[in-house]
Amino acid sequence: MFEKKIYRSDMVRCVLCSDAPCTKACGKIDPARLLRSIWFDNENTAACRFPAENPCAECSAPCEAACVRAGQVPVRALMMRLHDEIKQELEIELPASEERLRTQMCGIPLENPFLLSSSVVASTYDMCARAFEAGWAGAAFKTICSMDIHEASPRFSAITGADGTMIGFKNIEQLSDHSVAENMEIFRRLKEKYPSKFILASIMGQDEAEWEQLSRLCEENGADAIELNFSCPNMAEGGLGSDIGQVPELVERFTAAAKRGAKIPVLAKLTPNVARMSPAAEAAMRGGADGIAAINTIKSIIDINRHTYVSAPAVHGMSAVGGYSGNAVKPIALRFIAELGQNPALSGMHVSAMGGIENWSDAVEYLMLGAGSVQVTTAVMQYGYRIIEDLKSGLNYYLAEKGFDSVEQIRGVALDTVSETTDVLERDTVIFPKFHRDKCIGCGRCSVSCADGGHQAIRMSEDRRPVLDGKKCVGCHLCVLVCPQRAITSSRKRILKKQM
């Protein structure tokens, strides 16, 4: 049976407007809010919020006419699917409480596991205040330093998908351009106004004395914990940032210096620009770290201009290696989080994970690999602080649906299923694909991919429907992945005969 689901591709050309005209035109429901939930893989929560009596059934769809892309977004059809398909198969109602989202970082309470990561999205009082009001549990403030920061312009570039959204994001941005004193004033104001919100103070020193001094100042001015930036790829000159994170001895030394300056918890933020993260993580633990934050951005070069020969972002005819983030880096980040979670030497260390988190489902994957909290930047830069609504409600609904009482109950549950090598995998069965003819449109993409990238096991019939040759099929499931209609799923198994 097919899972009832609405995908981003079903929304066609919706741009997730601010102050959306579709909602203003409706007057009965908030279609913009529901569309955002669909976009962020949260259609179950959207369906829960949809009225029992469908207001769209006899509607002339003024929302579609009012759309900034008038007539291009099937708002009414999407709302009808929420009511007629998704809502009818819901197993539970919308949870009345968010209590199950409560967790902790190094023993300090968090309202939920979602924090802003250290970046431009958490760089001023006003920004953090608006994020806290929106529902974020806390923020890793943009890295504080005593250096003179003067940014380049432009400093962002991206790889985009067919719908125009950012798949991968590159930045050449550096650290906070506010003085240490200015940032300490921000901490005091935030803690006075929002005492229950978590302030994770990211710092970068130039020597042991400065790591210790910055750590002490952050504690004195209201920070709940400190994050040591051993990983910024844009501050490597002079042996800072990711240059430190690649040398375990330096990680240990500067962690110890920061611990001398403060009694609050200290997390080491580590670089992914290494083969393995465990040596640096273990060094941080020896230095006294209470937790690990990972991953920071990955060193990258993107978009060489074919006419100017300059990579993006281009700054007066030059560019630089920069940090890559966004949903494209999530598989790499998950690999490092799994490595940390499976390392017995790091048992008990809090892991605050980040890397390509856009929706609640992304966050669940990190939690299942051992993370205790998650941090977000690139998705906020693209969609705004408002994504916290779907992060929280989606995770809350998932936990309730599965019968979990807390975030802690899913932490690390997937670690035993992950191996660093493929040697442990069972290889004596083939799982065939199953073609769902009611969804198939006869495009033939499956047969093309199988012929040219697989094992020539699919042919198209005279009525343009795929036919499987079970003798040739090896169960790779390339066809499942390329089908634009999602009309192919897993089917029966074939047990291979073992060689005698």
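Helices (H or I, at least four residues) and strands (E, at least two) are DSSP runs, numbered from the N terminus. The structure is a predicted model, in which local features need pLDDT of at least 70 and side-chain atom pairs count only at pLDDT 80 or more, while totals for chains, interfaces and linings use all residues. Residues are numbered from 1 along each chain as its sequence is written, and side-chain values use heavy atoms, with hydrogens and water left out.

**Exercise 1. Determine which strands form the closed barrel, and follow the pairing around strand β10.**

Step 1. Strands count as paired if DSSP finds at least two bridges between them. With parallel pairing, eight strands close into a barrel in the order β3-β4-β7-β8-β9-β10-β13-β14. On average, neighbouring strands of this sheet are turned by 25° against each other, direction ignored; the axes behind such angles are lines fitted to C-alpha atoms, for helices over the stretch in contact, and the angles run from 0 to 180 degrees between N-to-C directions.

Step 2. Strand β9 (residues 266–269) runs parallel to β10 and is joined to it by three bridges, and the bridge partner of Leu 267 in β10 is Gly 291.

Step 3. Strand β10 (residues 291–294) also pairs with β13 in the parallel sense, over four bridges, and here Ala 294 has Ala 353 of β13 as its bridge partner.

Step 4. The peptide bond that leads from Ala 294 to Ile 295 is cis, with omega near 5°, and Ile 295 lies in the loop between β10 and β11 (298–300).

**Exercise 2. Decide whether strand β13 is buried or exposed, and trace the chain from β13 to β14.**

Step 1. Buried means under 20% relative accessible area, exposed over 50%, and partly exposed in between (1.4 Å probe, protein chains only). In β13 (residues 350–354), five of the five residues are buried, so the strand is largely enclosed by the rest of the structure.

Step 2. The cover extends to both faces of β13, with His 350, Ser 352 and Met 354 buried on one side and Val 351 and Ala 353 buried on the other.

Step 3. Strand β14 (residues 373–376) runs parallel to β13 and is joined to it by three bridges, with Ser 352 standing opposite Ser 373 in β14. Between these two strands the chain passes through helix α13 (residues 360–368), and this β-α-β crossover is right-handed, a term used if, with the strands pointing away from the viewer, the path from the first strand over the helix to the second runs clockwise.

**Exercise 3. Find where the salt-bridge partners of Lys 191, Glu 208 and Glu 420 lie, and state how accessible the residues of each pair are.**

Step 1. Side chains of opposite charge can pair when their charged atoms come close. A salt bridge requires a side-chain nitrogen of Lys or Arg within 4 Å of a carboxyl oxygen of Asp or Glu, and by this rule the count comes to 30.

Step 2. Lys 191 meets Asp 224 in a salt bridge at 2.7 Å, N to O. Lys 191 belongs to helix α7 (residues 180–193) and Asp 224 to the loop between α8 (208–220) and β8 (225–229), so that the pair links distant parts of the chain, 33 residues apart. Lys 191 is buried at 18% relative accessible area, and Asp 224 is likewise buried, at 16%.

Step 3. Glu 208 and Arg 253 form a salt bridge at 3.9 Å, N to O. Because Glu 208 lies in helix α8 and Arg 253 in helix α10 (residues 248–261), the pair ties together parts that are 45 residues apart in sequence. Glu 208 is partly exposed at 30% relative accessibility, and Arg 253 is partly exposed at 40%. A network of salt bridges links Glu 208, Glu 212, Arg 216, Arg 253 and Arg 260.

Step 4. Glu 420 meets Arg 276 at 3.2 Å, N to O. Glu 420 is in the loop between α15 (388–402) and β15 (429–435), and Arg 276 is in the loop between β9 and α11 (278–286), 144 residues apart. Glu 420 counts as exposed at 57% relative accessibility, whereas Arg 276 counts as partly exposed at 41%.
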